[in-house]
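User: Please take me through this model by question and answer, keeping the definitions explicit as we go.
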Amino acid sequence: MGEALKEMNKVLHERNIKAWEDKEKAKSANKAQRMLSDIKTWEEKMKISHEAKTMKIEAELESIRQHKHEKIKNEEAQIQKAMEQKKAAIDAQNQKKVLEITEKADKHRSNNTLPMKCFGICTD
């Protein structure tokens, strides 16, 4: 019976060691799982943070692009306005010159004279 008792104690002792070993392995696995979960959470936070920064930069770039585009459009409008003013001034000057020429031509017709400078067959 002493042998059986020793054998029983040995089996019981082995079971206790096996239970402790399984418990420690489970604790270690749970701790590793928590640490991996914490790292994954941190990684997700970093991704979200970087995505937010990227979106902010893209929004700033879009704002700058729109501002520059608006500035260019305003410059184009100013150039167009200046061009229209110059065209109007040239047209007005041309109409004034045509009116002066017409008046001089009428004056020459009424006086029956020739202009001092003329093209073609006129002689000075």
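User: In which helix do Glu62 and Arg65 both lie?

Analyst: This is a predicted model, in which local features need pLDDT of at least 70 and side-chain atom pairs count only at pLDDT 80 or more, while totals for chains, interfaces and linings use all residues. Residues are numbered from 1 along each chain as its sequence is written, and side-chain values use heavy atoms, with hydrogens and water left out. Helices are DSSP runs of H or I with at least four residues, strands are runs of E with at least two, and both are numbered from the N terminus. Glu62 and Arg65 are three residues apart, about one turn of the helix, and the helix that holds them is H1.

User: How far apart are the closest N and O atoms of Glu62 and Arg65?

Analyst: Glu62, at 33% relative accessibility, is partly exposed, and so is Arg65 at 47%; here buried means under 20% relative accessible area, exposed over 50%, and partly exposed in between, with a 1.4 Å probe and protein chains only. A salt bridge needs a side-chain nitrogen of Lys or Arg within 4 Å of a carboxyl oxygen of Asp or Glu. Glu62 and Arg65 form such a bridge, and their closest N and O atoms are separated by 2.8 Å.

User: How many salt bridges does the rule give?

Analyst: Side chains of opposite charge can pair when their charged atoms come close. One of the bridges joins Asp22 and Lys18 at 3.5 Å, N to O, and these two residues, being four residues apart in helix H1, are separated by about one helical turn. Another joins Lys27 and Glu24, also at 3.5 Å, the two lying three residues apart in helix H1. By this rule the count of salt bridges comes to six.

User: Which three residues form a nonpolar patch on the surface?

Analyst: Patches are made of residues with over 30% relative accessible area and no salt bridge, like charges being joined within 9 Å and nonpolar side chains (Val, Leu, Ile, Met, Phe, Trp, Tyr) within 5 Å. One member, found in helix H1 (residues 2-111), is partly exposed, with a relative accessible area of 47%. Together the three have about 290 Å² of accessible area (Shrake-Rupley method, 1.4 Å probe, with only the protein chains shown counting as cover for residues). The residues of this nonpolar patch are Ile57, Leu61 and Ile64.

User: What is the radius of gyration of the protein chain?

Analyst: The secondary structure of the chain comes to one helix and zero strands. The globule rule, 2.2 Å times the number of residues to the power 0.38, with the radius taken over C-alpha atoms, gives 14 Å for 124 residues, and the chain's value is well over this, so the chain is more spread out than a compact globule. Its C-alpha trace spans about 160 × 25 × 15 Å along the principal axes, and 0% of the residues count as buried. The radius of gyration is 51 Å.

User: Which residue other than glycine has a phi near 60°?

Analyst: Most residues other than glycine have a negative phi. The residue with this positive value has its place in the segment after H1, and at 70% relative accessibility it counts as exposed. The residue is Asn112.

User: What distance separates the C-alpha atoms of Thr102 and Val11?

Analyst: Thr102 has its place in helix H1 and is partly exposed, with a relative accessible area of 37%. Thr102 and Val11 are 91 residues apart along the chain, and their C-alpha atoms are separated by 133 Å.
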